[in-house]
Structures are given as C-alpha cells and as structure tokens.
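Visitor: I am new to this structure and would be grateful for a guided tour. May we look at it together?

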Amino acid sequence: MNIFVLNCGSSSVKYKLYAMENEQVLAEGRVERIGQENAIITHQSTGKEKISKTMPILEHTVAIQESLNLLTHAEHGVIKSVNEIDAIGHRVVHGGESFSDSVLINERTKEILDSLAELAPLHNPANVTGIRAAEKIMPKKPQVAVFDTAFHSTIPPHAHLYAIPYSVYQRYKVRRYGFHGTSHKYVSQRASEMMGRDIADLKIISCHLGNGASIAAIDGGKSVDTSMGFTPLEGLMMGTRSGDIDPGAIFYIMKKEGLSLHEIDSMLNKHSGLFGIAGVSDMRDIEKGIEEDDRLCKVAFDIYEYRIRKYIGSYVAAMNGVDAIVFTAGIGENTPAMRSKLVSNLPYLGISIDEDQNKKRGEDVEISTPDSKVKVFVIPTDEEVVIARDTAKIVS
Amino acid sequence: MDIRRIAVLGAGRLGRGIAENAASKGYDVVLFSQGAGGKDALTRIEKGLDRKLAKWGITESEKRLILGRISYTQDLKELNKADLLVEATLDHLHIKRELLRTADQLCRPEVVFVSASATMRISDLAREIDRSDMLVGLHFIPPVTQVSVAELVRGERTSEEAVETAKAFAARLGKQAVEIEESQGLVNPRALVVMINEAAYMVDEGVCEAQDAELILKKSWGMKQGPLEMADRLGLDLVLNWMEQLQLVFGPRYAPCPILRRYVREGRLGVKTKLGFLAYTEDDSVLTEDEGDKED
C-alpha cells in the first residue's frame, strides 16, 4: 500500500510517499513560495538524484499537481501513475474537541475543520486548502486527517481546564489542547520499543524542543499533560515565544507601552524567548555566544534549561514517577550540552548519562548508562510516518 | 483575474498607508506620485515600520519583506503592469478626473479602479473614463494598517463584478467593507470633521488649551487619539479641503473654524510640519509639556 503524506502550510507543501509494507520512503519533497512567480520545488526519489526547479506556482492545487508530476516522472519519479497511490494522509494542526483521533475525510469533516479555523488561524485554513486541492486532483482517493492535537485528547479535565470562569470554556472551548501530538506519540512509542517494554506499563516524559517547544507527560501510552495550551504560546521558553508568563505582567506592559492587542501578541510570539533575552533565536547562535562569553546568551541558555527542568519535575509529580525521558526535534536532538546540563541538575531522579552516547547525532540512541534509574533517549522525530500509519490503518 | 500587483496613485498619508497595508498582505505595490513630496514616500513608510518594530508590532524580517514589495515611481507608464488601481490623491475633482483619464488609457481594460476619495462622488469621478463600470469607492480610514473597516460605495454605473473585487481586496487587507449609499463625505469623514471643527472652535474661543480638550475627549470616550491629534495626523490642509468640499454640498454646518484656515495659511499643517493643534517630535509622537513649549 502506498500512502502520500501532505503537510500544507500557507505558502508551502511538504510531501512524502511511503510504501507501507516496510514503511519505506519512496520519495519526498517540498514546494515553497506558493503564490509567487519564483516558487521552488525540491524533490528526491530514494536512490535517485535530488532535483530542484523554480517556476510560477500560484496555488496549492498546482503545487500538489507538480509534486505528483515528479513522483510519476520517467526519470525522477518512483511510480508510473497516480493510480499507484492508495490514500492521502494530511497533517492538520488543530482538531479542537471534535477529533480525538485521526479521521477519514468526508463533507462533514471538512465543515468541522472550517469551523476550527479560528482556533489555529495560521495553520488550519492552509491544511484545509491542501485537503481540497488534493481532492480536486485525486477525487476518488480516500483522504485522512491526522491532528497535532489528537494525541493530547486524553488529558483529563483537571489538567486541560484553566481556572477561569467555566462559562468561557462552555462558550468558546478555551482549554488546553496541546500541540506536537504526532511527534510526542512517535517518540514515546519508539522509546518503549527501544526499552523492549509495553508502553502501557511506562511513564514517559517527551521533550519536543524545536523552534517551537513542548513537553508531554505520557502515562501508559496516553498523554496526561502537556506544556502548550490553548495556543502554542504557553509552556517552555522557545526561539521567539515567551512561554509561561504572569498574565498580570501582560496587562502592565500593555498599559505602560500603550500596546494594542496585535502588538502584545507579536511581542510574545515573535520578539520573546531566546530572541527576547539574547537577540538571537537559534540555539546554535546561543551556544556560539556562550563560547564568546556573551552574558545574555548564557542567561538565555540557563532559562531555557531551567524551564524544561521545572516541567520535568512537575510531570514526575503528575505521573508519580518516570521511566524514561526522550529528547527530540532540532534543539532536543542536536544540543548535547543542554541535555548534559539538564540531567546533571536532576540527581534526585537517579539519572546518569554516557557522555559519548550523548554526543551521537542523527540516530535513535539511548544516552543513559545501564545503571541509570530513568532511561534517557534521543530519538529524531518522524511525524510523517505516524500520519502514513494512521492513514493506512483507517483506509485498510 | 488573479490580483497580485497594486498601483497606488498618491503618496500622501492615505496612499502610503494603503501601500504598506497591501504589501504586508503579500501584494506587490507600485506607489505613484507626481508631487514633490512623493520622493521620500518610501523613507516615510520605513520610518513608520521602524516605529512598529520598536513597539514589537512587526519583526525585522517582516519590515524588510514589506519594504521589498513596495516601489515608487513618477512614471505613469508603469501602470500597465497593475492588476488593481487604487486612487488616493487629494480631493480635487479636476485633478482626480485627469489622473483617472490617464490611468484609464494606460491600465489593461480588465483592471478595476478603486477610489479612496472621501468627498467626491464616484459617479462624478467615473463620468469621463471608459471603464466607468469598473470604478468603486473604497474609503480607507487612517491609520490604514490599524483600522479594520472601510466604506464601500458604488457609483451609478458600477458593476457587481467591480464591487466584488473591491470587497475581496478589502478583506485581504483585513478590513470589513461596509457598503453605504453614494454620498459625499461618507460616514467617517463627515462625522469626524464636525468633531474636529467643534474642538477647534473651543481652542479658538479660549475655552481650553488644545492638549486639555484632547485629554478630556480621549479619556471620556476611551479614544487613543482625540479629534485634534486626528486632524494633525490627517493634515490640517486635508481637513480644510474636506470641509470646503462638504460645505459646497451641505452648507454652513461644514463651514471651517477660522483657526483652521489660519493654521493652514501659516503652514502649520499638523504632524507633517511638526506643528498643528499640538506639537510633534522628530519621530511624530506628541510633544508633551515636559519636552517643550507647544505654542511655538
């Protein structure tokens, strides 16, 4: 069975074609700058040369058609015709309270997705545009939506409700939804496989540390809490997002600076986090700054580590224990110094790590020593394969 | 037609605001002005963006992206590349008509024209152009990038297709286009100039200083700017121009307060000359009493 996975943004489309028998990636690529004369398509079929071309692509339908042209191309492609694709899996950021699992897309699904646009205005409309575009090109293929929020739908009310008037939740569904669910699901499952234990018996804390960052408490394979909330702004310090902040401070800043809602939103989402403290948002630049003895880079690094540590501590309390901690995504996978510092600051958990293992990159690796009471893993995330698996399962 | 390039005629505050707003939503914009002041339009847009950056409203890369999408020219021949034309020049019937006639010859026939005029009737502006059915009134309210409503007016011959194009353009700019009947002064300018004029009378009669009128009106109505600062930011010459046009239609209730005429005669035009009813700093903020003497 071949599954075509699509991740559609407002001006980009990322795609992967899987052969599900052995979960092999047959081809992958991306289309960027959709809407412009100089859109770029990059495509690579496994075992073949990577190609790139620039052309006008004004909308998603054309972008998806172009990616299918490359998949079926005599020289660069891997399949003879679109008929060899059995189903399409879409990444959808927000499923709200309506979707607690991946779902086969039908007219009703699309209507609900349209109504959820308000909860994720930057992402959901683009995801739905991708669904409609794929439907236009391949009207008879089954399509499946896989939600970033679905994995967190098991978070119980005491962890997903905010302590504000209950009517606000009833009226507008303001609650914790959490994000990066597909990634947390993948790395926690992979960690249980590496431990050779049933995930139902494990308490896992997974740290998805990319430019956006979230941490999840996963008890028996189910998410019971996560740091991102109603929006991806809550929780950990991020590249340009503040993470947790006293709401009272926001009102004070707005009053003192005379800021509008748009300005404070932009400040907290785009001018804060690592960038807000140190003036750079990339952890590699922070580490370079620390080497050059930059005080604010060091402060930013320390805040970043401290916030993760605080969440780990609180999730150990929430689950009454932890068997494994997993690191993934850009910073989680590529910042050994962050992992070392974190672990060295958690002696009460009885963790010890092997520094040689900790320096490995690009592979699934256990970095804790054999005698460590809590296992620690670095697992590069693979959200697409989860989308492909869910799609295959639903259409089978 | 897929609209990607916008031509904006007029590089005053309104034209610059429309250009910035359109560029921030992904349009390529060519700003046209034949006046002497137009040349520094891009610098003024950049200064405005720097102020937004300082208040965290945009990022450095967003600023570069917006500026990268706006170009300035005095050469009207460039109009043949536009997919939509926005006319945002001062309200002088003959000048506007002449400009629209020229644009009518240079733009492709399918291009919709949008006029941001506050006091001219769309039917009058459309009279001498071939595409009279393609002209729509869409009055943007300064500061254009911040105000989320626009007034939409159709002339006697405006087609449904042109109205839909204008509505879609307004929506992409983040504005709700509210359609009203064709009437000079529309809603916002007509109500605003009355409020400005009354506040100007209070200052002229010595009832209170301009800054005290501002304080009372701002605080009592929860406004970010009072009517006198709004007038200064619009330009007192523009306010006078609007009032004179409206006086021709509606009579003496739009007769400008003498202080308005005096200030314009003295070249005291508001923010653009750093002095109007209030005084302004180099970065166009209101100069407070601590910072200097407001009255010259």
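**Domains, a helix and an interface**

Guide: In chain B, an automatic or database domain assignment gives domain 1 (5–179) and domain 2 (188–273). This is a predicted model, in which local features need pLDDT of at least 70 and side-chain atom pairs count only at pLDDT 80 or more, while totals for chains, interfaces and linings use all residues. Residues are numbered from 1 along each chain as its sequence is written, chains are lettered from A and ligands numbered from 1 in the order in which they are written, and side-chain values use heavy atoms, with hydrogens and water left out.

Visitor: Which three residues supply 42% of the area that domain 1 of chain B buries against domain 2 of chain B?

Guide: The centres of the two domains, taken over C-alpha atoms, are separated by 25 Å. Domain 1 of chain B brings 12 residues to the contact (heavy atoms within 4.5 Å) and domain 2 of chain B brings 10 residues. Together they bury about 950 Å² (accessible area lost on being put together, 1.4 Å probe, summed over both), 60% of it on carbon and sulfur atoms. The three residues that supply 42% of the domain 1 side, more than any other three, are B:Arg13, B:Leu90 and B:Thr119.

Visitor: Within what arc do the buried residues of helix 2 of chain B fall?

Guide: Helix 2 covers residues 41–54 of chain B; helices (H or I, at least four residues) and strands (E, at least two) are DSSP runs, numbered from the N terminus. B:Ala41, B:Ile45, B:Gly48, B:Leu49 and B:Lys52 are buried in this helix, where buried means under 20% relative accessible area, exposed over 50% and partly exposed in between (1.4 Å probe, protein chains only). Seen down the axis, with directions taken from the helix axis to the C-beta atoms, these buried residues line one face of the helix, because they fall within an arc of 100°.

Visitor: Which elements are included in what covers those buried residues?

Guide: The covering elements belong to chain B and include two helices and two strands. They include helix 1 (13–24), strand 2 (28–32), helix 3 (60–69) and strand 3 (70–73).

Visitor: Which residues of chain B lose the most area to chain A?

Guide: Across this interface, 10 residues of chain B are in contact with 13 residues of chain A. The area buried is about 1000 Å², of which carbon and sulfur atoms give 47%. Together, 58% of what the chain B side buries comes from B:Arg4, B:Lys55 and B:Trp56.

Visitor: Is B:Arg4 buried or exposed?

Guide: B:Arg4 lies in the segment before strand 1 (5–9) of chain B. Leaving aside neighbours within four places in sequence, its contacts include A:Gly35, A:Gln36, A:Glu37 and A:Leu58 from chain A, and B:Tyr27 from chain B. With a relative accessible area of 17%, B:Arg4 is buried.

Visitor: How many salt bridges are found across the interface of chain B and chain A?

Guide: A salt bridge is a side-chain nitrogen of Lys or Arg within 4 Å of a carboxyl oxygen of Asp or Glu. The side chains of A:Lys270 and B:Glu62 meet in one, at 2.6 Å from N to O. Between domain 1 and domain 2 of chain B the count is zero, whereas across the interface of chain B and chain A it is two.

Visitor: Which residue is joined to B:Pro143 by a cis peptide bond?

Guide: B:Pro143 is found in the loop between strand 6 (135–140) and strand 7 (149–154) of chain B. The omega of the cis bond is about -5°, and the partner is B:Pro142.

Note on methods: Expected span 1.5 Å × (residues − 1). Buried area = accessible area lost by both parts, 1.4 Å probe.
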